[in-house]
Amino acid sequence: MDVVSIRDFSREQIEHVLKIADKMVPIAKGEERSVLLEGFVLGSLFYEPSTRTRLSFDCAMTRLGGRTLGFDEPKGSSVAKGETLADTIRMVDAYCDVIVLRHPQEGAARLAAHFAGKPVINAGDGAGQHPTQTMLDLFTIRKEKKSIEGMNVVLVGDLKYGRTVHSLAEALAMFGAQLTFVAPPSLQIPKEHLKQVEAMGEKPKISSSLQDVIGDADVLYVTRIQKERFPDPAEYQKVAGTYRIDLEMLKDVKKDMMIMHPLPRVGEIAPEVDLTPHAKYFDQAFNGVPVRMALLGLVLGGLK
Ligand code: ASP
């Protein structure tokens, strides 16, 4: 099946992915070998920059014995000659067994899934969704906190353009977490996602002040202001640097509060925070490997 939107998955299906991901950890760490995906080819099409998502998919595929082909920027491909996404997808569909697509346009993965016969995995579509990031985020919370239900999760930063929080907020609501959305009013969570969260019986708090809510957080999910999505650079300048987590900010937080970030960070978390027990964003980045291994194994390798 395709992995386009977190809405396409039930809680049970996500739980299943997380369970398999747990078993993949020794292979992800290189402590055990696997040939589960030997002979399989992953087509990796990245129309937007990426470090963690692209490399962790590549790592996941390689660790399971498969191979990856593709591009990490469209300039070197026929996209630069004006080829449409639909045509590129039709080609890559013939060269590989699964397609991983990152694209600046919302809905691109859905379109690709329409034209591809092979499974399509959405690695981020504009300001839309980032479902595999969501699964690794849930995996990280579960690992640290043992449970997601009842956790007080504060999501802070660019909730308007940040695709990671769009899919994560919906999934967290499905898992019964309590949500607080902290953003400047112009970057608050879009109505569409808020409605989805509320439809799952969740009554999120909305605030623009991190200081007011940080003391109650079990999980603080920090995001970057998505500069590249602002139609007007002056608007970006108005909100850049609104939130910064430093030691001062962490003075009165819960002892076991965990800080997450999908990365890259561009000043939202001061480097000195890395040395505190709250910092979990590098573990989170590693977790992308076992979670993507689980997804590839399920989509390709006949795992049940
Ligand atoms: N790496 C994440 C994404 O692709 C977060 C970010 O870029 O801020 O959405």
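Which residues are around the ligand? In this predicted model, the ligand is surrounded by Arg-102, His-130, Arg-163, Thr-164, Arg-224, Gln-226, Pro-262, Leu-263 and Pro-264. Arginine side chains supply several polar contacts here. For Arg-163, an N or O atom of the side chain is 2.8 Å from an oxygen atom of the ligand. A polar side-chain atom of Arg-224 lies 2.9 Å from a ligand oxygen, and for Arg-102 the distance between a side-chain N or O atom and an oxygen atom of the ligand is 3.1 Å. On its own the ligand has 260 Å² of accessible area, and the protein covers 91% of this.

One of the ligand-lining residues, Arg-102, also leads into the sheet, since residues 98–103 make up strand E3. An open sheet is formed by 4 strands in the order E2-E1-E3-E4, with parallel pairing. Its edges are taken by strand E2 (67–71) and strand E4 (120–125); each has a single partner strand, so one side of each remains without a neighbour in the sheet. From one strand to the next, the twist averages 15°. Between E3 and E4, the parallel pairing runs over 4 bridges, and His-103 is found opposite Asp-125 of E4.

Strand E5 (152–156) offers another parallel pairing, this time with strand E6 (residues 178–182), to which 5 bridges join it. Within this pair, Val-156 has Val-182 of E6 as its bridge partner. How many of the residues of E5 are buried? The count is 5 of 5, so the strand is mostly covered by the under 20% cut-off for relative accessible area. In a regular strand, side chains alternate between the two faces of the sheet. For E5, both faces are covered: Asn-152, Val-154 and Val-156 are buried on one side, and Val-153 and Leu-155 are buried on the other.

Turning to charged side chains, the whole structure holds 19 salt bridges. In one of them, the side chains of Arg-11 and Glu-149 meet at 3.4 Å, N to O. Arg-11 belongs to helix H1 (residues 11–28), while Glu-149 sits in the loop between helix H5 (131–145) and strand E5, so this salt bridge ties together parts that are 138 residues apart in sequence. Arg-11 itself is partly exposed, at a relative accessible area of 26%.

A further salt bridge brings together the side chains of Glu-144 and Lys-280, at 3.6 Å from N to O. Why does this pair tie together parts of the chain that are apart in sequence? Glu-144 lies in helix H5, whereas Lys-280 is in the loop between strand E9 (258–260) and helix H10 (281–300), so the parts that are joined stand 136 residues apart in sequence. The partners also fall into separate accessibility classes: Glu-144 is partly exposed at 37% relative accessibility, and Lys-280 counts as buried at 16%.

Glu-248 and Lys-251 form another such pair, their side chains meeting in a salt bridge of 3.0 Å, N to O. Are these partners buried or exposed? Glu-248 is exposed, with a relative accessible area of 52%, and Lys-251 is exposed as well, with 54%. Elsewhere, Arg-11, Glu-15, Arg-142 and Glu-149 are joined into one network by salt bridges that share partners.

Two further positions complete the picture, and both are buried. Thr-134 is placed in helix H5, the helix that also holds Glu-144, and the relative accessible area of Thr-134 is 0%. Between Thr-134 and Ala-60, the separation is 74 residues in sequence and 17 Å in space, C-alpha to C-alpha. The other position, Ile-245, lies in the loop between helix H9 (233–239) and E9. At 1% relative accessibility, Ile-245 counts as buried. Ile-245 and Val-273 are 28 residues apart in sequence, and their C-alpha atoms are 7.6 Å apart in space.

Note on methods: Residues are numbered from 1 along each chain as its sequence is written. This is a predicted model: local features need pLDDT of at least 70, side-chain atom pairs count only at pLDDT 80 or more; totals for chains, interfaces and linings use all residues. Side-chain values use heavy atoms; hydrogens and water are left out. Two strands pair if DSSP finds at least two bridges between them. Helices (H or I, at least four residues) and strands (E, at least two) are DSSP runs, numbered from the N terminus. Axes are lines fitted to C-alpha atoms, for helices over the stretch in contact, and angles run from 0 to 180 degrees between N-to-C directions. A salt bridge is a side-chain nitrogen of Lys or Arg within 4 Å of a carboxyl oxygen of Asp or Glu. Buried means under 20% relative accessible area, exposed over 50%, partly exposed in between (1.4 Å probe, protein chains only). A residue is near a molecule or strand if one of its heavy atoms lies within 4 Å of it. A polar contact is a pair of N or O atoms within 3.5 Å; within protein, one must be able to donate a hydrogen and the other to accept it, and residues adjacent in sequence count only if both atoms are side-chain atoms. Accessible areas come from the Shrake-Rupley method with a 1.4 Å probe; for residues, only the protein chains shown count as cover.
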